[in-house]
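The following exercises concern a single protein model. Please examine the sequence and the structure before reading the solutions.

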Amino acid sequence: MPYERLVRVANSTQTEKHVRDQAFSELMRRFEPMVMYHAHRTLGDPDKAEDAAQNTFFEMYKKLHQLQNPQAFPSWLRRIVQTQCHRQIRKERKGIEPLDDALQIASNEISPLEQVEKRERSE
């Protein structure tokens, strides 16, 4: 079955859920090599590429109903892969720190504990 028909079936509200799920699974199977290729080429790491691919297919599942032209599916999916890869890159650049580490960040303000201790000393 052509991918355009699979997209239509996966999007159809008049089709039984298990049939829609089968169409979606078939789209994933067919396009996984392309998704992995683009993710690996962009991220350069197989594990990161796998994460981006999973996120791509999750987004595909959530947003497939927004695709108006089934023939545009490959380029639409490629754009999702690129978006997921760039999100991952931005996330790594931010250097996200655990919350406990953030508590160690220097501040010009007196901490609540220091405020209480200062008040008790002055009393």
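Three exercises follow, each with a worked solution.

This is a predicted model, in which local features need pLDDT of at least 70 and side-chain atom pairs count only at pLDDT 80 or more, whereas totals for chains, interfaces and linings use all residues. Residues are numbered from 1 along each chain as its sequence is written, and side-chain values use heavy atoms, with hydrogens and water left out.

**Exercise 1. The nonpolar core**

Determine which helices each supply at least two residues of the largest nonpolar core.

Solution. A nonpolar core is a set of buried Ala, Val, Leu, Ile, Met, Phe, Trp, Tyr and Cys residues joined through side-chain atoms within 4.5 Å. Buried means under 20% relative accessible area, exposed over 50%, and partly exposed in between (1.4 Å probe, protein chains only). The largest core has 25 residues, and Leu27, Val35, Met60, Leu64, Phe73, Trp76 and Leu77 touch the most other members. At least two residues each come from helices H1 (3–11), H2 (17–43), H3 and H4 (73–94); helices are DSSP runs (H or I, at least four residues), numbered from the N terminus. H2 gives the largest share, eight residues.

**Exercise 2. The packing of H2 and H3**

Describe how H2 and H3 pack, giving the angle and the distance between their axes.

Solution. The angle is about 145 degrees, and the axes lie 8 Å apart. Here axes are lines fitted to C-alpha atoms, for helices over the stretch in contact, and angles run from 0 to 180 degrees between N-to-C directions. The contact (heavy atoms within 4.5 Å) includes Phe24, Leu27 and Phe31 of H2 and Ala53, Phe57 and Met60 of H3. Its residues divide into 15 nonpolar, two polar and five charged. In this division Ala, Val, Leu, Ile, Met, Phe, Trp, Tyr, Cys and Pro count as nonpolar, Asp, Glu, Lys and Arg as charged, and the others, Gly among them, as polar.

**Exercise 3. Salt bridges**

State how far apart the closest N and O atoms are in the salt bridge of Asp21 with Lys17.

Solution. A salt bridge is a side-chain nitrogen of Lys or Arg within 4 Å of a carboxyl oxygen of Asp or Glu. By this rule the count is seven. For Asp21 and Lys17, the closest N and O atoms are 3.0 Å apart. Because these two residues are four apart in helix H2, about one helical turn separates them. Asp21 is partly exposed, at 30% relative accessible area, and Lys17 is also partly exposed, at 47%.
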